[in-house]
Amino acid sequence: MTTNSTLEQLKAAPIWGKLPPIQNGKVYLWNENQSWYRDPIAVEGQINSLAEWITKAAKK
């Protein structure tokens, strides 16, 4: 999920906080600032960062 909110903020939100993935911490939060630029070099960097991040999270 792309957001500037923390998991704690989402858990406290009236709608988001009711969703099971939010309640159980089973959501990946991707900061909006990491996806701001859309040029080919930036997009490639975002792909690499996202793949690395998901791979590390899957190993937990």
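Is tyrosine 28 buried, partly exposed or exposed, and what is its relative accessible area? In this predicted model, tyrosine 28 has a relative accessible area of 42% and is therefore partly exposed. The legends below describe close-up views of this residue and its surroundings.

**View 1. Edge-to-face pair of Tyr28 and Trp53.** Two aromatic pairs are counted in the model. In the pair formed by tyrosine 28 and tryptophan 53, the ring centres are 5.6 Å apart and the planes meet at 75°, an edge-to-face arrangement. Tyrosine 28 belongs to the loop between helix 2 (20–23) and strand 2 (30–31), whereas tryptophan 53 belongs to helix 3 (residues 40–58), so the pair ties together parts 25 residues apart in sequence. Tryptophan 53 is partly exposed, because its relative accessibility is 29% and the partly exposed class runs from 20% to 50%.

**View 2. Tilted pair of Trp30 and Trp53.** The centres of these two rings lie 5.3 Å apart with the planes at 45°, so the pair is classed as tilted. Tryptophan 30 is in strand 2 and tryptophan 53 in helix 3, and the pair links these distant parts of the chain across 23 residues. Tryptophan 30 has a relative accessibility of 8% and counts as buried, because this value is under 20%. Tyr28, Trp30 and Trp53 together make up one aromatic cluster.

**View 3. Lining of the largest pocket.** The volume of the largest pocket is about 230 Å³. Its lining consists of Gly25, Lys26, Val27, Tyr28, Leu29, Trp53, Lys56, Ala57 and Lys60. Tyr28 and Trp53, which belong to the aromatic cluster, are thus among the lining residues. By class, the lining comprises five nonpolar residues, three charged residues and one polar residue.

**View 4. Surroundings of Gln46 in helix 3.** Glutamine 46 is located in helix 3. With a relative accessibility of 16%, glutamine 46 counts as buried. Apart from neighbours within four places in sequence, the residues in contact with glutamine 46 are Trp30, Gln34, Ser35, Trp36 and Tyr37. One of these contacts, Trp30, is also a member of the aromatic cluster.

**View 5. Confidence of the prediction along the chain.** The protein chain has a mean pLDDT of 89, and 100% of its residues reach 70 or more. Among the elements of the chain, helix 1 (residues 7–12) has the highest mean pLDDT, at 96, and strand 2 the lowest, at 84. Strand 2 is the element that holds tryptophan 30.

How values were computed. Residues numbered from 1 in each chain as written. Predicted model: local features only at pLDDT ≥ 70, side-chain atom pairs only at ≥ 80, totals over all residues. Heavy atoms only, no water. Phe/Tyr/Trp six-rings, centres within 6.5 Å; stacked < 30°, edge-to-face > 60°. Helix = DSSP H or I, 4+ residues; strand = E, 2+ residues; numbered from the N terminus. Buried < 20%, exposed > 50% of the residue type's maximum accessible area, 1.4 Å probe, protein only. 1 Å grid on protein atoms, 1.4 Å probe; cavity = no way out; pocket = protein on both sides within 12 Å on 5 of 7 lines; lining within 4 Å. Points joined across faces, edges and corners; volume = space filled by probe spheres on them. Nonpolar A, V, L, I, M, F, W, Y, C, P; charged D, E, K, R; others polar. pLDDT = per-residue confidence, 0-100. Contact = heavy atoms within 4.5 Å.
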